[in-house]
Amino acid sequence: MSNANNPNASSSEDIIRHIIRDIVAHSTTILKNRKASLIDATSSSDQQQAGRPQPPLTPIPQVKHLFASGIKSHIPVHAVSDTLAAFFVRAVVLDQRNEFHIERELSKEDVERLINECVNKITSTNNIVSETIKMQVYFDSIFPAQADYLHREKMTRIANCSTILREITEVKSKNISIYEGLYRKIVSYVILRSHVGNATDIRVIREATAALESVFPQSELSAFISLSRAEKEAQLNGLTQLVTGIRLFNKQLGKGGETVDDLIALCATELQEISKELGVQMEDTEATIQSFMAVLDYSEKDTTGELTETEQAMTKSGIVFYRQYLMYLDALHEQLGRTKDALAQIGERFDETIRDLKATCKAKTAVPVDQVYPMFIALANLWSNWMDELFLVAFRRGILDNIDFHARSFEVPLPEGIIPKSAAFKKDIEPEILPENDVIMKASELMAAISVINKSIEVVHPGNTTQYFKLPVEYGGFCSYSLIRRDGLVVPGDKNIGLLRYRDRLFAFATPEGAREFAKFPDRYMEGVLEMAKRSGNLVQLLHLYNYFPTVDALENAKSFTRQRLMGQMAMVSEAGSQVDTHIIDARIDPKYQWNEWELRRQALMLVNLKKKKTHSAQTDISHYRRESETQHYEPKLQYTQTSTESSTSVPRKVNYLAGLRNDGTGESKFHVLDLTVDM
């Protein structure tokens, strides 16, 4: 019976879902038990220090009361996510040393072995590759989602006020006896919704009540109750902003603002602390990378074999970790710089608004509301922006603590005394950028060598391209030649010698020799990098191999975990278009078209018959003189003539007289007409 007709048969997608679910469950249980045993051991005896550091529980204690749920919500103390499990499944299966055949279905034994391998890697201690993957999955999941966590924090604040908001909006009765209780609820809602000050402090309640009375007296409750639910919520939010602005203004005047946190000083303190810690960690990380690179360079020249192969492999894995770690520290440092600029702008606008309010309200008993209300609302919005920036600073502090936890979770064993011996091999972690003329000169030398080796490869330098040092380079800017020749050692490429363009992709190399060797067999080196990434899963994120392996975002947003999605066998899908002529061949109706075969036969016979005929022509006089000709004529003009004599004529006036109309009695008179016409 086939799988399609067997209800007990599981599809590959169900198998992978089962594998991931079991990995998550087993790993989480082991980590929790290990945590419990460490706590018991620590509480029973403080003499022995725990080998594995514990995850940070409270990133910023000073602002815990502000963001208790939001900051701690992203700290994975013991939880293992589906994304992390999927990454380890991919890493284990793609590694050919584990002998998993992805082209066929996994047997029951293979599934159990895969689960055990992944659980062991996730829960292993002092495993550099595993810690690197954990840090990469964590950072790439959390760091881009800071806006989402900020939105969740705001939604949490709103949800905390939902109960009292519902009680306020459901009041329908206009009984005066309930007005006092309703007004107290509105005051409580304004304090809770603004998140400014302690809502249980009697001083805060009195101050908020006084501020609310100035903009919304109890006499307006009757009109408020008549509003719809949406209108009530809108008015309550507007009142919250006004009351918050008034309280902040009173705090600046020294006349109120009880229990209001000094966000300005708090933001400055937290920024200073995290910036200082970031600077220290960046310096330590750079020094560690320099030391590890010097040790490997020294061991390559050393013939005594002081550094074993295992120690070399761990040192290379440590360099991968610290290179990735340094990138994450740089990203956090860049965002903190933006936060510092944003806080400076908010502070300037806040001070300017306070000055305008003081100038408007100075020595005046009554001020028009259309002048001060917008300023109070602006103060409330700026204060809210301060709280958002403070939350993001606290959030990034939590990220820093977590990736630092991964950095302290392993050690790279090195022989004693090898660090001083390798001091002479220390150099900068990245080459210093040279002037463009020097870069063009070095690139020209490389171009002359590459043109002889491979004509399909182009050398790119500042002389033939714009924004040279900002061009995106393959493999994150690392040298693929060093990665292959030195068995997994990541060395940054040197853009000062030029970039190689092959198949519309740019490659950087640490030395001109590496560029020349790559030009001989570029496809071989590109395939070698992919094979290296399959054996070492920690290289996928560092080398930016997103076109060949699924990213963290792709796995997080995946509705299902299929074999193709996990193993990097993603279908190449792209949206492309091409423009062609509307009608390449003119489409028209042929009036001579015949579909009747007898008609076609008749036409064929006629054409054959015409072949036997001769055509004679003659030219006559008429045809000879017939030609096309044109003539031009002028239309006659209107002309007038004038005589020298001017005269006029008159027609005769014709008059007829009827005679004999009367009878005279004699019988002699007869009727006749007399012509009396006179010529005028």
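The following paragraphs describe the fold, the nonpolar cores, selected helix packings and several loop residues of a predicted model.

The chain has 680 residues, of which 40% count as buried, and its secondary structure comes to 24 helices and five strands. Among the contacts in the chain with a separation of 6 or more, 75% are accounted for by residues 24 or more positions apart.

In soluble globular proteins, nonpolar side chains tend to be buried together. In the present model, the largest nonpolar core has 124 residues, and those with the most contacts inside this core are Ile186 and Ile403. Helix 14, which spans residues 369-407, supplies the largest share of this core, namely 17 residues. When neighbours within four places in sequence are left aside, Ile403 is in contact with Met135, Tyr138, Phe139, Tyr325, Tyr328, Leu329 and Leu332. Another core, of 25 residues, lies apart from the largest one and includes Ile15, Ile23, Leu84 and Val89.

Two of the residues that Ile403 contacts, Tyr325 and Leu329, are also among those touched by Thr285. Thr285 is placed in helix 12, which runs over residues 263-301, and its relative accessible area of 3% lies under the 20% limit, so this threonine counts as buried. With residues up to four places away in sequence not counted, the residues touched by Thr285 are Tyr322, Tyr325, Leu326 and Leu329.

Two packed helices are described by the angle between their axes and the distance between the axes. For helix 11 (residues 229-253) and helix 13 (residues 309-361), the packing angle is about 85 degrees and the axes are 11 Å apart. This angle falls in the range of 65 to 115 degrees, and helix 11 is therefore roughly perpendicular to helix 13. Helix 11 makes the contact through Leu248, Phe249, Gln252 and Leu253, while helix 13 contributes Phe350, Ile354, Leu357 and Lys358. Classified by residue type, the contact of helix 11 with helix 13 comprises six nonpolar, one polar and one charged residues.

Helix 11 also takes part in the surroundings of helix 7, since the buried residues of helix 7 pack against helix 8 (179-194), helix 10 (221-225) and helix 11. In helix 7, which spans residues 162-169, the buried residues are Ile164, Leu165, Ile168 and Thr169. These four positions lie on the same side of helix 7, because they cover an arc of only 130 degrees around the axis.

A comparable description applies to helix 18. The buried residues of this helix, which covers residues 512-520, are Gly514, Ala515, Phe518 and Ala519. Their directions cover an arc of only 140 degrees around the axis, which puts these residues on the same side of helix 18. The elements that cover the buried residues of helix 18 include helix 16 (436-453), helix 17 (480-485), strand 2 (499-502), strand 3 (505-507) and helix 19 (522-535).

Several loop positions were also examined. Thr511 is placed in the loop between strand 3 and helix 18, and with 36% relative accessibility this residue counts as partly exposed. Although Thr511 and Gly493 are 18 residues apart in sequence, their C-alpha atoms are 7.8 Å apart in space. Gly197, found in the loop between helix 8 and helix 9 (202-215), is likewise partly exposed, with a relative accessible area of 25%. The C-alpha atoms of Gly197 and Glu258 are 6.9 Å apart, whereas the two residues are separated by 61 residues in sequence. Glu258 is also one of the contacts of Gly197, which, with neighbours within four places in sequence left aside, are Arg247, Glu258, Thr259 and Val260.

Positive phi values in residues other than glycine occur at Glu99 and at Asp504. For Glu99, phi is near 60 degrees; this residue is found in the loop between helix 3 (82-94) and helix 4 (108-123), and a relative accessible area of 59%, over the 50% limit, is why Glu99 counts as exposed. Asp504 has a positive phi of about 60 degrees although this residue is not a glycine. Asp504 is placed in the loop between strand 2 and strand 3, and is exposed, with a relative accessible area of 76%.

Note on methods. Residues numbered from 1 in each chain as written. Predicted model: local features only at pLDDT ≥ 70, side-chain atom pairs only at ≥ 80, totals over all residues. Heavy atoms only, no water. Buried < 20%, exposed > 50% of the residue type's maximum accessible area, 1.4 Å probe, protein only. Helix = DSSP H or I, 4+ residues; strand = E, 2+ residues; numbered from the N terminus. Arc of directions from axis to C-beta. Contact = heavy atoms within 4.5 Å. Axes fitted to C-alpha atoms, helices over the stretch in contact; angles between N-to-C directions. Parallel < 35°, antiparallel > 145°, perpendicular 65-115°, else oblique. Nonpolar A, V, L, I, M, F, W, Y, C, P; charged D, E, K, R; others polar. Core = buried A, V, L, I, M, F, W, Y, C linked by side-chain atoms within 4.5 Å.
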